[in-house]
Structure formats: C-alpha cells, structure tokens
Amino acid sequence: MNSNTLLANISGEWLETLHSDWKREPGSVPAEWQNFFSGFELGSEAGDKSNVLIDEDHALKQSGVQSLIYRYRNVGHLLACTDPLTPCHLSHPLLELSNFGLDENDLDTLFACRRFLKRIASLREILEVMRETYCRSIGVEFMHIQEPVERQWLIDRMEPTLNRTDLPLSEKLHILEKLHQAAQFESFLHRRFVGQKRFSLEGGEILVPVLDRIVRGCPEAGISDLVLGMSHRGRLNVLAHIFNKPYESIFAEFKETEELGFVGDGDVKYHKGQSSVIDLDGHRLHLTMAPNPSHLEAVNAVVLGKCRARQDRYGADGTARVLPVLIHGDAAFAGQGSVMETLNLSGLEGYRTGGTIHLVLNNQIGFTTLPKDSRSTFYATDVAKMLACPIFHVQGESPESAMQAVGLAMEYRKLFGRDVVIELICYRRYGHNEGDEPAFTQPLMYKQISTRSSVNRTYADLLAEAGGVSPDTLERIERQVSESLESSYGKLSDARQDGFSDLWSDVSRNYDPAPVDTALSAESLLTLAGRLAELPPGFNPHPKVLTLIQKRFEAVRNGDGIDWGNAENLAYATLLDQGIPVRISGQDSRRGTFNHRHCVIIDNNDERSYTPLEAVTRDVAYFKAWNSSLSEFGVLGFEYGYSLETPHGLTIWEAQFGDFANGAQVIIDQFIASGETKWNRASGLVMLLPHGYEGQGGEHSSARIERYLQLCAGENMFLVNPTTPAQMFHLLRRQMLQSFRKPLVVFTPKSLLRHPLCTSSVDDLTGGGFRTVIVDSTTLSAAKRLLFCSGKIYYELAQERERLNRQDIAIIRIEQLYPLDIDEIRDVVAECPEDCRIFWVQEEPENMGSWRYMARLFQEIPITVGYIGRPADSCPAVGSHHIHSEQQTAIIHEAFV
C-alpha cells in the first residue's frame, strides 16, 4: 500500500487526536504509531531545509525510512552475497522500496534518522550504508538478540565501517601466507600419499587464517588457554598451521613409520588431539585440540567440560582466560541433536564457559546429501538462534570479510560473555574423502567447482591488482611454503604426545590391583558428621529433611545404622577434608532422584540454598553439585571433559535411571571406555547408574550391565555393583586415593537406599577398605550349595535363607565385576566340598546382566556353574508389577530348591 492510499483511509481528525495522545503519553498509543510520530518529530527538527517536506506525506515516508533501516538490519542478510557458487542477488522482495511507501524519486530526499550514523541523511545515503553493511560478503543475523544493548553495540561497530576492516599490508600478506600453507599442504599430501584418506580442507582453506586470527587475538582478549574441538575435515591442516605440529610428524603418520609405535591401540591420524604452547610477543598461549571419534559433534561437550575445569582452576577470571572454539560442519550442525544439547549448556550456572566461538564450515553438502534433503531450516545455523546470539554468514572466498567477523566475535565474547557463530560458506573440492567421486551425485555442482581457482590464488591476484606489493614478494611467500613442505618430507619425527604430563605428571599410567587403604579414624568421621549437621542461623529446611539430617548425625554418633545417602555424603566430606575437590552433576543430583542425597538443602520459607559439604572443604578443594539440563549425551560429555582436566578431583555424573545413559552411548563407547587406549588420555570419571528390579518396567530397571561388561578389556575401567553403604564409602575414596585413574561405573541401588538391612556401622567405614568380593559368614567347608550373585538380590537371598534356616547355603557377592578378582573366587570354590552345587543368581534376563560374562570366567577356573534367573528376553523387564513379583519369587525359590 503506498502512502497516498494509506492517507486516504485515515481520518485527519483521528490522526491529530492520536498525535496529541502520543505527545502527552507516548506509551498510550500502539508501538507502530509511536515509531511513526517519533519519525515525524525528528523530521520536523530538520527545520526549514529546502528539500525536507514537513507534511503528512513526508511523515509517512519518514516512518517508512525508519522501518526500512530496521528491515535491512533484520533481514539484509537475505540479500548478502555469501555463496561463492551462486551469483549474487541484486534485490529481494522484502527490501523493495515500495514496501515502505518509498520510490526512486525519494532517493535524494533528506530524512531524519534515529540510531543511525547521521541525524539527517538522504535515502540514497541510508541505502548505501545499509546495503554495504548487511548485503555484501557478510550477512549478519542479530536482531533476534533480546538485549537492546547488545544489538546496538553490534550496530555501532558494523555500520560506521560498513562491516569491513582496513588491514595493513603486512596483515594481508600474513593472511596470504596462511592461505598458501593451507592450500599447498593439501596438494602436497595429495601428490605424496596417493589414495590415503586425509579429509581435505580444499575449498574451505579460509578456516586456517580464521583460526590464526582468533589465536593472535587472544593476548588482547586476555586469553591464556584455547581449547578447540573439530571433526576430521581439515584437522591435519589445522594441526600443522595453528598448533605447529611439525610437518615431519604428520608425514611420519602417513608413512606409518614402525619406529614411532603407539601407546595402546592408537587411532587414525585425523582423530588425534594435540597440545601446544605458543609465544605471541611475550604472551604465552596454551592450545589444545581435543581428540575425537568420527561421530560428528560428539566432541563439543567434551571441549566445554575441559574449558570449565580450567576456568574453575583459574578462579574468578577463569571465563576470561579460557576460550572454547568449536568447528562444525553445516550438515552436522543442523542434524545432530548433540549440538542443541551443548548450546543449551551455555547459559547454565554449572556449565557455562563465558561464550564459545562456533565456526561452521559450510561445504554446502553432507557426504552426498544436499541441504534441501538434510535440513528444514533456511540456514544451517538456525538452531543457534535459541541462544539469541549473533550469527555471521561469511563468503568463504573473502578472507578480509572473515577477519572482520572474527574481530567482532572476539570483542562480543569478551564484553558479553556469550556464544557467537561464524558460518564460513565455501565448498568441498573433492568428495567426502579423497577416494570418493562426488560427480556421481552432484555433477553440475562439481563441474562448477572444478573450474574455480583456489582462494590462495584469487587472494594473491587481488593483492597484485590493488598494488603496493611486488610480484616478487608474492612469489617468495608461495615459494617458502613449498620449500618448507619439501624439506620436511624426508625427515623422521615422533608424532606421539604424552597424556601423563603437566597436571597428570604424578598420576601413574599403570593399573595396580593392590588394595587401597581408605580407612580413617572414628573421631574424624564424627567431627565431619557434626559439621554436616550444622545449619546456618535462621535456616529452616523442610521438617522431613531436618529430621533426616539429625538422624544421619545420630547414626554416626551411635556407631550404627548409617544408610546409603549418609555414607555417600560422608565419603565426599572426607575427601574434601583432604583437599580433594568434588563435582557431581546430573538430573536432580542435588536431592537425588530417589530422595536420598540432599547434599544441597533448601530453606522452606524463602527457597535459599545451603550446601553443608562446602563447610568441610580444605585448601583448594570445593564441592559443587549441579542439577543438569535434561540431557545425557551433552552433560556426560561435559563431565568427561571436566575429568580430563581434574585428575586430582572427583568428577561424577549421575543418570536419573541407569538405562537413561543409553542416550549418551557415543560418549561411553568412544571416549570413556576407549579414550585411553586410542589417545593416551586417562580419566577418573565416575558414572552412577541406578540399577535394580523393583517392578518398574523395562525402562527403569536395568542399567544394562551387559553393555558395559562388553566394553571392558585391558583394565580400561572399573565396573562395580556395591551392596552396602560402607562399600560405597570406600569405593568413592578409593577412586581418588589410588595412584592411577580409570573411569568408574557404579551400578547404584534404588530400593536399598532405605532397606532396613542395608546399613553400615562406623567400624565398617573406619576400618578396612573396599572389598571386591564379599564372602558371607557361612562356613564354606560345610556348604551344599554356593550362590554367586551381584547387587540387591543378595538381600532377598539372605532373607530367604534366614527364613528357611538353610545355613548349608553360602552366598557370595561379586561387588567388583571388572576387573574381576578371579583369585578370590578360586579361593572360595576351593574351600567348598567337591559335591557342592554352584549357581549364578541374577534378576536380569539370561542374555543380560552379568551371567554370560561370568560364565566364561567360571570356565577358566574351571568350575561348572548353573544359571538361575529370568529367561532370555528382548526387553529388560516386564511392565506388570504382579508378573514381576511372580518372576522374582520364582528366582528366589529356585535358588533354594
């Protein structure tokens, strides 16, 4: 609708009344009319300038100009020329002048402007600024940001410069050098190692100068640590030209030189990590690239966990000192749910890291799948809008535009402590890997790509055309890069890095099965219990919680009746008292899913919180308990990353129910179980997985013990199914007091948390240590039947034995399933009569739980062992509580027949 049509439908009297209302109280009229009258008043301020028309028609145009400015800021990116494979659009329907009651006759008309470079400018000037700022080689999405201060900050830094950076010649030549390094490195590998996979960066070489700019911007930002996560594409290039991994080390990995060897199984070269320390004019910067598997985006949360651990170690200025950088692919960023899980952590108190720089390397294809088939969103980056953070879309063959975007991103992150996304829109010169033929599925796209010059060539030509640099200088830069590659080819270098250095230097790399002394004095335990029972003056917890706190202290003072939650909190208290920090995180971990922990207490009147364990910390120790987002993949990955940076702290992730860890299987398989043998990176992470059959159905019964047993080999981790509070107490202490670090998977109970028989005494906590196998008091030499079991079924078996007065039946609890103490089992069997019948009893179906694992080990002794338990099933448990009870009763009955 043009301005004349609009005026024809508006009463002059009504407009005058509305204007009067606005002048008296601006908020009394609709927002669009507030903008209209503001524009009208600003237009009036232009005075008697001859070409400023102060009439109703101009007032409407004035309002249209303000809307036009807003529109360009909001959707100008739709007209930006950011795709090197697509011709630039010259117009967009949303930005046509007619939408705003304007036309070409208004181009030289002066308008008053609010929040613009000039208070009065012609439409021509306004359009030039808007188009040059938002519609050239950088498209910016930022008007979805909810904070006006942040939006205005971006406007003030983009529009005055037309969103460009004026680089000195030295900087341009440095960019050219990094582009030559990136391009020639790939072509060198292509020639020298024919047919070997490297997941080339060609077509996306812009990534190297972008990362280089981030690194060189760290001193000004006060950053001392940069932790990078990325997938395999371009990884070798980044290792060489950002992390300064020697060419000869990379070439040796291609040659698979026998002299280098590997620690453990090793991994392919494009999955490995790297740590480097570089000097930037006296500023020491520690760079870390986290190792990762081929599972795209899996490393994201790991990187953030590593960063948060370092930030916590640095203290108050930690978020300013440690920068997380994540490199994504376009298809993966839009397609992988772990991206959203990780983004969601950015603003949460227990997980935030002060802002991540996200670089999306947009190849415009995922393996062989085009964007139209791989995402429902317009941009690959649209999921990031959930954070209301700025998103820069950059033409991947415009290095100087990329430098501008990086500069803004670094400043924004430093000032506002929030995430920033930079999408580098480029292409992939070859197939998914070097042996793949992309023209099979995208013939036209790859015909076009085959004719394009590489970005190092086009940028060199651009510099030559601009003048100021001689052809000899340009040729010398290219030649030096080539000579460096050639001279390194014949050399040999050890590519390995020791994962047991720096913070890990005093941690043993060798598993030691020897018992660990975890005992402490009764006096110390009572003192700590007393401090945990103290509450601040005026603090009023829920009456039931107050009773629980008092009962816990009384149990320690009386020397008996210590339940699971009490023993667990006491274990944390003893570690904290020794200066060992503790972090526990998971869904509802502060209270505990089953209402047993209560390590953070809430005031019943005002909901303020109090954490008693913080009162017992010593030295650098801290206790942090976090209720996590409803995420398994993201949060477990985060805690694994945290554990990599805290070998002297206890890091725990708790699942709400044990089988909920299924949602984090990639983290378990690819990082926790195999990270040390693949990448020489140890972890002491603890996983608490509630497990036990109580008739709650297939999704709340089993923690899938069988899956973890399948992952066990080479003493890579501990699998424990403890049955007493004292066992849990000693287990948590052992995890930190032993000389080495291994992941610990604990199958924690549910019904045992309040089972009257499942309590421990002070003597149990202050004496001895964790027992891998518990032999009950029955005389083995007189046993007619020997029952091996693990977990809570022991209590049902013990109660039935007591009821039947069957003292000729011995029950042995396997507390540590892996590494299994096979010698202890041999000793138990050796004490039994030859005619003693031996059985394994479990709640789980025959094809689940520990049976098949134990059956194989029983054969090694060798002994014949029968099975008692549920039959094999495709589902862990039945849904009917009645049927569950019948099955459970049948198992117990069979054990005593």
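# Strands, bonds and burial

Mentor: Let us begin with one pair of residues in this predicted model: Leu719 stands opposite Val745, the latter belonging to β18.

Trainee: What makes β17 and β18 a pair of strands?

Mentor: Two strands are taken as paired when there are at least two bridges between them, and three bridges join β17 (residues 718-720) to β18 (residues 744-748), the two running parallel. The count meets the requirement, so β17 and β18 are paired.

Trainee: Why are β14 and β22 called edge strands of their sheet?

Mentor: The sheet is open and has seven strands in the order β14-β11-β15-β16-β18-β17-β22, with mixed pairing. β14 and β22 (816-818) each have a single partner strand, so one side of each has no neighbour in the sheet, and that places them at the edges. On average, neighbouring strands of this sheet are turned by 20° against each other, direction ignored.

Trainee: What makes Ser629, which sits in the loop between β14 (623-627) and α24 (633-644), buried or exposed?

Mentor: Its relative accessible area is 11%, and since buried means under 20%, Ser629 counts as buried. Setting aside residues up to four places away in sequence, Ser629 touches Asn344, Leu345, Leu348, Gln587 and Val635.

Trainee: How do you know that Cys81 and Cys88 form a disulfide?

Mentor: Their sulfur atoms are 1.5 Å apart, and the criterion asks for a pair of cysteine sulfur atoms within 2.5 Å, so the pair qualifies. By this rule the count comes to one disulfide. The torsion about the S-S bond of Cys81 and Cys88 is about -40°, and the disulfide is therefore left-handed.

Trainee: Which burial class does each of these two cysteines, Cys81 and Cys88, fall into?

Mentor: Cys81 has a relative accessible area of 19% and is buried, because the limit for that class is under 20%. Cys88, at 42%, counts as partly exposed, because that class lies between 20% and 50%.

Trainee: Why is Cys599 not counted in a disulfide?

Mentor: The nearest cysteine sulfur, that of Cys758, is 19 Å away, whereas the rule requires sulfur atoms within 2.5 Å, so Cys599 is in no disulfide. Cys599 is buried at 2% relative accessibility.

Trainee: What makes the contact between Glu397 and Arg452 a salt bridge?

Mentor: The distance from N to O between their side chains is 2.6 Å, and a salt bridge requires a side-chain nitrogen of Lys or Arg within 4 Å of a carboxyl oxygen of Asp or Glu, so the pair is accepted. Glu397 lies in the loop between β9 (391-395) and α17 (399-416), and Arg452 in the loop between α18 (443-450) and α19 (455-466), so the pair ties together parts that are 55 residues apart in sequence. Glu397 is buried at 18%, while Arg452, at 25%, is partly exposed. Elsewhere, salt bridges that share partners join Asp225, Lys306, Arg310, Arg313 and Glu645 into one network.

Trainee: How do you know that Asp382 and Lys385 form a salt bridge?

Mentor: Their closest N and O atoms are 3.8 Å apart, and the limit is 4 Å, so this pair also qualifies. Asp382 is buried at 16%, and Lys385 is partly exposed at 34%. The structure holds 46 salt bridges.

Notes. Residues are numbered from 1 along each chain as its sequence is written. This is a predicted model: local features need pLDDT of at least 70, side-chain atom pairs count only at pLDDT 80 or more; totals for chains, interfaces and linings use all residues. Side-chain values use heavy atoms; hydrogens and water are left out. Buried means under 20% relative accessible area, exposed over 50%, partly exposed in between (1.4 Å probe, protein chains only). Contact means heavy atoms within 4.5 Å. Helices (H or I, at least four residues) and strands (E, at least two) are DSSP runs, numbered from the N terminus. Axes are lines fitted to C-alpha atoms, for helices over the stretch in contact, and angles run from 0 to 180 degrees between N-to-C directions.
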